[in-house]
Amino acid sequence: MRVLVVGGGGREHALAWKLARSARVTALYAAPGNPGIAEVAECVPVRADALDELVALVERERIDLTVVGPEVPLILGLADRLAARGRPVFGPTRLAAELEGSKVFAKRFFARHGIATARFETFEEPGAARDFVRALGGRAVVKADGFAAGKGAVVCDDVAAADRAIGDMLERRVFGEAGARVVVEERLEGEELSFFVLTDGERVCPLAAAQDHKAALDGDRGPNTGGMGAYSPAPVLDDALTRRILDTVIRPTVRGMAAEGRPYRGVLFAGLMLTAEGPKLLEYNARFGDPECQVLLARLADDLVPVCQAVAEGRGLPEALAWRREAAVCVVLASGGYPGSYKTGYPIAGLEAAAARPGVTLFHAGTAREDGRLVTGGGRVLGVTALGAGVPEAIAAAYAAVADVAFEGMHYRRDIGGRALARLGRDAP
Ligand code: AMP
Ligand code: GLY
């Protein structure tokens, strides 16, 4: 099989790394890929949002399966374009990806299908939005309807903060048209949980539990990032909670999307809040989490190719997958200043030593080659991923490998997996 991975971050390196291990793959391409992906695939300089060029690439290279990593090409309709040409694609259609691409669609869909979510209303008019903030007592979350590169949700402590967020979106249009409509919702309290399933539009196959750490600094302080690390399994997700989420959130979603004529095929990534009243759905993403994907695929024992094919073709999806017994932990090494502004182009040392450690894989996220040298090229640079007998052992193995790597300004969290340790009643290694 000739396979293409769309994207060029740490998540896509993990996808390419796992696909490359399949005996069924005869040719593997990535667009645009990155220097890490180049070790296992042929990287083609086509951006993940350049739909015409991607379609041409799939035709030219006679690609049998396209695996889409990021949300942007899905929201733009890449899956529709490929499916229309009879080219199997792992990832939802444009209408299905609206679960991530439109907060207004998503929240109204949850309400239509009786899925527990924060109380909300949608607005185009700032005055009415501000009235609703007052009705909520100021503890509100203001969300731009459309795609805002992960910055479109503002969690507010008081009325003034919510008023400002509403003004930014509806009046000052800081997110452009993406902020022409907003959702204002009740701010929920509790522990956040991610839940991943694969679905072919009808059947549902839950993935292992994985959690990320969004805040930039230890102890969940500092600004939010795309994710500074992840671990799997996540002890918070036991069998009873898994069943409850499948029955009250995931299955109603998959059934509802099919019933509304937008069957969802791909990874469905639910962001939930575990409130005193039970799990409530915050949002869906139409893709794998990054860096959750890195720990999930490090643990996946099954071949990923037939699984992606089953999702793409809408038949043959198994009810469950086989996972390695070991835990996996991924520590993200970021550029100094990330998630704010940062410099790139710094040489990276120590990769060979780190990667030579047993059970350790280095997933490239923001790296680049300059005159043959590997240098930093983005905010999140590397995801140092390690397997261990349990979460504590995986943490120890990951941080031992982190100690091998160095670049100017490198920063990372020292407490990845700490929440799992706390639940297991274990001290940091
Ligand atoms: P979203 O863009 O919907 O994923 O929101 C981004 C982040 O904002 C989530 O991961 C939560 O940490 C937070 N968040 C979103 N909605 C709520 C809510 N209703 N209550 C509390 N926190 C929220
Ligand atoms: N790590 C969270 C995300 O990918 O959205």
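**Ligand 1 and aspartate 290**

User: In this predicted model, a polar side-chain atom of glutamate 283 sits 2.6 Å from an oxygen atom of ligand 1. What makes that pair a polar contact?

Analyst: The cut-off is 3.5 Å between N or O atoms, and the glutamate 283 pair is at 2.6 Å, so it counts. Glutamate 192 has a polar side-chain atom 2.4 Å from a ligand 1 oxygen, and for lysine 103 the distance is 3.1 Å. Those pairs are within 3.5 Å too, so they also count. As for cover, the protein takes up 86% of the 470 Å² of accessible area that ligand 1 has on its own.

User: How do you know that ligand 1 lies between two domains?

Analyst: Look at who supplies its shell. Domain 2 (119–186) and domain 3 (194–313) both give residues, so ligand 1 lies between them. There are 14 residues around ligand 1, with Lys143, Glu185, Leu188, Glu192 and Glu283 the closest. By class, that's seven nonpolar, seven charged and no polar residues. Strands β7, β8, β9 and β17 each bring at least two of the shell residues.

User: Over to aspartate 290, in the loop between β17 and α10. Why is aspartate 290 called buried?

Analyst: Buried means under 20% relative accessible area. Aspartate 290 comes out at 14%, so the label fits.

User: What does the side chain of aspartate 290 reach?

Analyst: One partner is the backbone nitrogen of arginine 11, at 3.3 Å. Another is the side chain of glutamine 294, in a polar contact at 2.9 Å. Leaving out residues up to four places away in sequence, aspartate 290 touches Gly10, Arg11, Gly226, Gly227 and Arg380.

Conventions:
Residues are numbered from 1 along each chain as its sequence is written. Chains are lettered from A and ligands numbered from 1 in the order in which they are written. This is a predicted model: local features need pLDDT of at least 70, side-chain atom pairs count only at pLDDT 80 or more; totals for chains, interfaces and linings use all residues. Side-chain values use heavy atoms; hydrogens and water are left out. A residue is near a molecule or strand if one of its heavy atoms lies within 4 Å of it. A polar contact is a pair of N or O atoms within 3.5 Å; within protein, one must be able to donate a hydrogen and the other to accept it, and residues adjacent in sequence count only if both atoms are side-chain atoms. Accessible areas come from the Shrake-Rupley method with a 1.4 Å probe; for residues, only the protein chains shown count as cover. Helices (H or I, at least four residues) and strands (E, at least two) are DSSP runs, numbered from the N terminus. Ala, Val, Leu, Ile, Met, Phe, Trp, Tyr, Cys and Pro count as nonpolar, Asp, Glu, Lys and Arg as charged, and the others, Gly among them, as polar. Domain bounds come from an automatic or database domain assignment. Buried means under 20% relative accessible area, exposed over 50%, partly exposed in between (1.4 Å probe, protein chains only). Contact means heavy atoms within 4.5 Å.
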